[in-house]
Amino acid sequence: MNLKSLLIFAACGTMLTAAAQSHHGYYTTPEKSDIDAFNENNSSASKTLNCWATPQLIMPMEKADKTVESSNIYNNNSSDMIVRPSTMTGPNNYFSKLTGTSVSPNVTADNFKNGYLEVTVPAQMDYPRTDANTPNWQPMPAENNVMNFHICLATGDRINVSGNNSSATNEDAELYDCTGVYVGIKAPAGCTVKAFLSCSSISAANYKKDTSGISWNPNFEGTVSTTAFDFADVCDGTYKEMTSGAPYNCLAGIKYSSSTYPKGFPVKYLDIAVYGVKPGDVVGFGGIQTLHDGWTPKAFVTPGSGVNDINIDNTNAPVEIYNLNGVRVNNDNLAPGVYVKRQGTETSKFIVK
C-alpha cells in the first residue's frame with residue numbers, strides 16, 4: 001500500500017471514529033427563549049434560565065459532621081427559590097430568604113452577540129425584601145460576588161428520564177458513568193468556576209429502594225441532592241471552555257439508582273457558578289455538557305470565531321491576589337500556599353513557601 005493510500009485509509013478511519021462517537025450525557029447552550037421562560041413565569045417551559053447575582057452562593061453540600069449545608073437558593077434544601085419570579089415573590093415568602101438579584105429581565109438578543117450569553121454584574125441587589133413586591137435596593141458588595149447561571153428542567157426533560165433526548169447526539173441524557181462536566185465561561189482573570197447538578201427533593205421511600213449498593217447519607221433524604229464539580233482552570237478574562245474534575249458530594253443523580261429510578265434519580269437543576277466577580281464585570285456562559293468515557297467534548301463556540309480577538313495592554317493594570325476559592329487577599333505577608341495573581345486580563349498561579 002503506497003503512502004497516498006495509507007493517508008486516505010487513515011483519514012477514513014478518523015472519520016468513522018468521529019461519526020461513531022455517541023453522547024449519552026447532557027448537553028445544552030443558553031438560548032434567549034430560556035431567559036424569556038423565566039421572565040414570563042412559564043411553568044410549562046422545557047427549560048428556564050435565571051442569571052442570579054449574589055454576594056454568596058450556598059449549595060446543599062455535605063458537611064464534615066454529615067449534616068447538609070443550608071442553601072440560600074433552595075428553601076430548606078428542598079424547594080427551588082429562584083426558578084421564576086412568581087416563586088420568589090409567592091406565598092412561601094422566599095423573597096425574605098433570598099440574597100441577590102436576577103439580571104435576566106435585562107437580557108436582550110444583544111447579550112448573545114458573541115455566540116454565547118453575556119451578562120453584567122449589577123451594582124445593586126433587591127433581595128432580601130420585607131415585602132414581596134417592593135424591591136429592597138442596596139449596594140452589591142464591591143468584590144467576591146457570585147454570578148450563577150441557574151437552569152431548571154421540566155419533568156419530561158430532566159436528565160435520567162426516558163425520552164429527554166438531551167444529549168449532544170439527541171440521545172437520552174443519562175449520568176450513570178459521568179466523569180465530569182465541560183463548560184464555556186468568560187470571566188475576569190482570577191475568577192473560579194464550580195458546577196452543580198441537583199435532584200429535586202427525593203422521598204425517603206425512594207431512597208430506601210436503592211439498588212446501587214452504595215452507602216448514602218440519610219441526611220440527604222427529602223433534600224435537593226447536589227453533585228458538585230470543581231475546575232482547576234482559573235478564568236483569564238477571555239472566553240474559554242474548560243473541563244472539571246470528578247463529581248463529588250451526594251451522587252444521587254449519578255451513582256445512585258433505585259427500583260423507582262433504575263437509571264438514576266432525575267436531575268432537575270443545573271447551576272454554573274462563577275466566583276470572585278465584582279459590580280460591572282462582564283460574565284459569559286456558553287453552555288454545559290456532561291462527560292463520559294468515549295466522548296470528546298463538543299465545542300459550544302466555534303474556534304476562530306473572533307470571540308477573544310481583542311488585544312489588551314495589561315502593563316499598567318493593578319495587581320490583585322486571590323486564594324484558590326476566588327477570594328481576594330492582601331498580598332502583604334501571605335501565608336504559605338497557592339495563590340492566583342491577576343493583572344488586567346492576565347492571570348498566573350504562584351506558591352508562597
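Seven strands make up an open sheet in this predicted model, and their order is β5-β2-β9-β15-β11-β12-β14, with antiparallel pairing. At its edges are β5 (101-102) and β14 (248-249), each of which pairs on one side only. The notes below start with that sheet, then turn to the nonpolar cores, the aromatic rings and two loop residues.

**The sheet and strand β2**

- Strands of a sheet pair through backbone hydrogen bonds, either parallel or antiparallel.
- Strand β2 (residues 47-54) runs antiparallel to β5, and two bridges join them.
- On its β9 side, β2 is held by eight bridges, and this pairing is antiparallel too.
- Ala53 of β2 makes a good landmark: Met147 is its bridge partner in β9, while Thr101 stands opposite Ala53 in β5.
- Next along the strand, Trp52 has Ser102 of β5 as its bridge partner.
- Helix α2 (residues 32-39) packs on the sheet, where it touches β2 and β5. The direction of helix α2 makes about 75° with that of β2.

**How enclosed is β2?**

- Eight of the eight residues of β2 are buried, so the strand is largely enclosed by the rest of the structure.
- In a regular strand the side chains alternate between the two faces of the sheet.
- In β2, Lys47, Leu49, Cys51 and Ala53 point one way. Thr48, Asn50, Trp52 and Thr54 point the other way, and the residues of both groups are buried.

**The nonpolar cores**

- The largest nonpolar core has 52 residues. Phe149, Ile185, Ile272 and Ile288 have the most contacts inside this core.
- Several strands contribute: β2, β6 (117-120), β9 (145-153), β10, β11 (192-199), β15 and β16 each supply at least two residues.
- Strand β15 provides the largest share of this core, with five residues.
- Apart from that core lies another, of 24 residues, with Phe38, Met88, Val224 and Ala273 among them.
- Which residues does Ile288 touch, not counting those up to four places away in sequence? They are Tyr26, Tyr27, Thr28, Ile151, Val181, Tyr182, Val183, Ala195, Leu197, Leu270, Ile272 and Phe300.

**Aromatic rings**

- How many aromatic pairs does a search of the whole structure find? The search finds seven.
- One of the pairs is formed by Tyr182 and Phe300, and it is tilted, at 5.7 Å centre to centre with 35° between the planes.
- This pair links distant parts of the chain, 118 residues apart: Tyr182 is in strand β10 (residues 180-186), and Phe300 is in the loop between β16 and β17 (319-322).
- Both Tyr182 and Phe300 are buried.
- Another pair, Tyr261 with Phe265, is edge-to-face, with 70° between the planes and 5.5 Å centre to centre.
- Are Tyr261 and Phe265 buried or partly exposed? Tyr261 is partly exposed because its relative accessible area is 29%, whereas Phe265 counts as buried because its relative accessibility is 1%.
- Ring pairs also link Tyr27, Tyr182 and Phe300 into a cluster.
- Lys298 joins the picture here: it lies over the face of Tyr27, at 5.1 Å from the ring centre.

**Two loop residues to look up**

- Where is Gly280 found? Gly280 lies in the loop between β15 (267-277) and β16 (282-291).
- Gly280 is partly exposed because its relative accessible area is 48%.
- Leaving aside its neighbours within four places in sequence, Gly280 is in contact with Thr120 and Val121.
- Gly280 and Val121 are 159 residues apart in sequence, yet 5.2 Å apart in space, C-alpha to C-alpha.
- Ser257 has its place in the loop between β14 and β15.
- Why does Ser257 count as buried? Its relative accessibility is 13%, and buried means under 20%.
- Not counting residues up to four places away in sequence, Ser257 touches Lys209, Asp210, Thr211, Ser212, Pro262 and Gly264.

Key
Residues numbered from 1 in each chain as written. Predicted model: local features only at pLDDT ≥ 70, side-chain atom pairs only at ≥ 80, totals over all residues. Heavy atoms only, no water. Helix = DSSP H or I, 4+ residues; strand = E, 2+ residues; numbered from the N terminus. Buried < 20%, exposed > 50% of the residue type's maximum accessible area, 1.4 Å probe, protein only. Contact = heavy atoms within 4.5 Å. Phe/Tyr/Trp six-rings, centres within 6.5 Å; stacked < 30°, edge-to-face > 60°. Lys NZ or Arg CZ within 6 Å of the ring centre and 35° of its normal. Pairing = 2+ DSSP bridges. Axes fitted to C-alpha atoms, helices over the stretch in contact; angles between N-to-C directions. Core = buried A, V, L, I, M, F, W, Y, C linked by side-chain atoms within 4.5 Å.
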